[in-house]
Amino acid sequence: GSIKRLCELAPPKLGIITAIGHAHYERFKSLDTVAEAKFELADSALANGGKAVIHENCLPFPYAKKLADENPTKFIICGPNSEVQIGEVKQTAQGTEVSVLWNNMPHVLQVPLHGKHHGHNAALAFAAAVALGVAPENAVLALRTVPQITHRLEVKPQNDGTTIIDDAFNSNPAGFTAALETLDVLGAQGRRILITPGMAELGEAHDEEHKKLGAVAAKYCDAAVIVMPGRIPSFIDAYNASGGKNLVQVRNFAEASEWLAKNRKSGDVI
């Protein structure tokens, strides 16, 4: 796979695997195949005398579990029940905060990134840093200035008093859910507006995953603008069935932009 080819070009000493999910599911057909593809990174790191930092949610997959069991000293496992224990994750207007327990020492990690999943990502980054010899306190300080990644839950205050959450590059259910939760946190004082064409590359999981997200969106949104609604009827049905408010259907992003220009108000989070 592409991960294996990249590792051949630049053999890693340490690999981080955050999750096994439905991203690119259309190509891989099953989550077990996704796990095998992602764990090409762990294979390469171990073959190069290095280690792998993984989240415990990877372990239900047979390939991942077998590799970790066969190489216990080469894996650093993070999660609520693991070696690097991840505790409560909090999301605020300033970003995300997570408590971790490392070598029986508690640390609080604060990152200026939004999305609860970033709490777990920060814990894995912390574990990777200390595994490479960085002092824990220095890792904690460094995480406080992590730069925002363009188009991935990027929070952009606007001059008109609205706030844009730009998550245009997101294409997996966990990230989509995190974006909706962020919409709720930042939109406490105004309307919470979702504009989306749904996700891509989910294959057979397309309808079921969009159905789940439609119900979540109904919980968090005051309005939902659906671009190309024919792509995601299961999302629309679930949104309406779950009591979702103000569903708007448009043909393209130009129409969505026109709707937004006419309807946005100061305090809205979009």
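**Exercise 1. Work out how enclosed helix H4 (residues 40-47) is, and look at what follows the helix.**

Solution. Start by counting: of the 8 residues of helix H4, 6 are buried, so the helix is largely enclosed by the rest of the structure. Keep in mind as you go that this is a predicted model. Next, name the buried residues, which are Glu40, Leu41, Ala42, Ser44, Ala45 and Leu46. The cut-off behind that list is a relative accessible area under 20%. Finally, step past the helix: H4 is followed by Gly49, which has a positive phi near 80°.

**Exercise 2. Find the largest nonpolar core and say which elements build it.**

Solution. A general idea helps to begin with: in soluble globular proteins, nonpolar side chains tend to be buried together.

Step 1: the largest nonpolar core here has 24 residues, and Val53, Cys78, Val98, Trp102, Leu109, Phe126 and Ala127 have the most contacts inside it.

Step 2: at least two residues of this core come from each of strands E3 (75-79), E4 (84-92), E5 (95-102) and E6 (105-111), and likewise from helices H6 (117-131) and H7 (136-143). The biggest share belongs to H6, which gives 8 residues.

Step 3: zoom in on Trp102. Leaving aside residues up to four places away in sequence, Trp102 touches Ile76, Val84, His107, Phe126, Ala127 and Val130.

Step 4: look for another core. There is a second, separate one of 23 residues, which includes Leu186, Leu202, Leu213 and Ala217.

**Exercise 3. Describe how helices H6 and H7 pack.**

Solution. Two packed helices are described by the angle between their axes and the distance between the axes. For H6 and H7, the axes come within 9 Å and cross at roughly 140°. That angle makes H6 oblique to H7, since only angles over 145 degrees would count as roughly antiparallel. As for handedness, the crossing of H6 and H7 is right-handed. To finish, list the residues in contact: H6 brings Ala122, Ala125, Phe126, Ala129 and Val130, while H7 brings Pro136, Ala139, Val140 and Leu143.

**Exercise 4. Analyse the hairpin of E7 and E8, then the two faces of E8.**

Solution. First the pairing: strand E7 (residues 154-157) and E8 are antiparallel, with 4 bridges. One bridge to locate on the model links Glu154 with its partner Asp166 in E8. Then the turn: 5 residues lie between the strands of this hairpin, and Gly161 takes a positive phi near 90°.

Now the faces. In a regular strand the side chains alternate between the two faces of the sheet. In strand E8 (residues 163-166), Thr163 and Ile165 lie on one side and Ile164 and Asp166 on the other, and all of them are buried, so both faces are covered.

**Exercise 5. Lay out the open sheet of three strands and place the helix that packs on it.**

Solution. The strand order is E9-E10-E11, and the pairing is parallel. At the edges are E9 (193-196) and E11 (247-250), each pairing on one side only. On average, neighbouring strands of this sheet are turned by 15° against each other, direction ignored.

Look next at the join between strand E10 (residues 223-227) and E11, which run parallel and share 4 bridges. Along it, Val227 stands opposite Val250 in E11, and Ala224 stands opposite Leu247. Helix H11 (residues 253-263) packs on the sheet by touching E9, E10 and E11, and its direction makes about 155° with that of E10.

Which side chains of E11 are buried, and which are not? Val248 and Val250 point to one face and are buried, whereas Leu247 and Gln249 point to the other and are not.

**Exercise 6. Characterise the surroundings of Thr182 and His210.**

Solution. Place Thr182 in helix H8 (residues 173-186). The relative accessible area of Thr182 is 0%, so this residue is buried. Its contacts, not counting residues up to four places away in sequence, are Gln91, His114, Gly115, Leu153 and Ile165.

Turn to His210, found in helix H9 (residues 206-220). His210 is buried because its relative accessible area is 0%. With residues up to four places away in sequence again left out, His210 touches Gly198, Met199, Leu202, Ile232, Ser234 and Phe235. As a last check of distance, the C-alpha atoms of His210 and Gly49 are separated by 41 Å, and the two residues are 161 residues apart along the chain.

Notes. Residues numbered from 1 in each chain as written. Predicted model: local features only at pLDDT ≥ 70, side-chain atom pairs only at ≥ 80, totals over all residues. Heavy atoms only, no water. Buried < 20%, exposed > 50% of the residue type's maximum accessible area, 1.4 Å probe, protein only. Pairing = 2+ DSSP bridges. Contact = heavy atoms within 4.5 Å. Core = buried A, V, L, I, M, F, W, Y, C linked by side-chain atoms within 4.5 Å. Axes fitted to C-alpha atoms, helices over the stretch in contact; angles between N-to-C directions. Parallel < 35°, antiparallel > 145°, perpendicular 65-115°, else oblique. Left-handed = near helix turned anticlockwise from the far one by under 90°.
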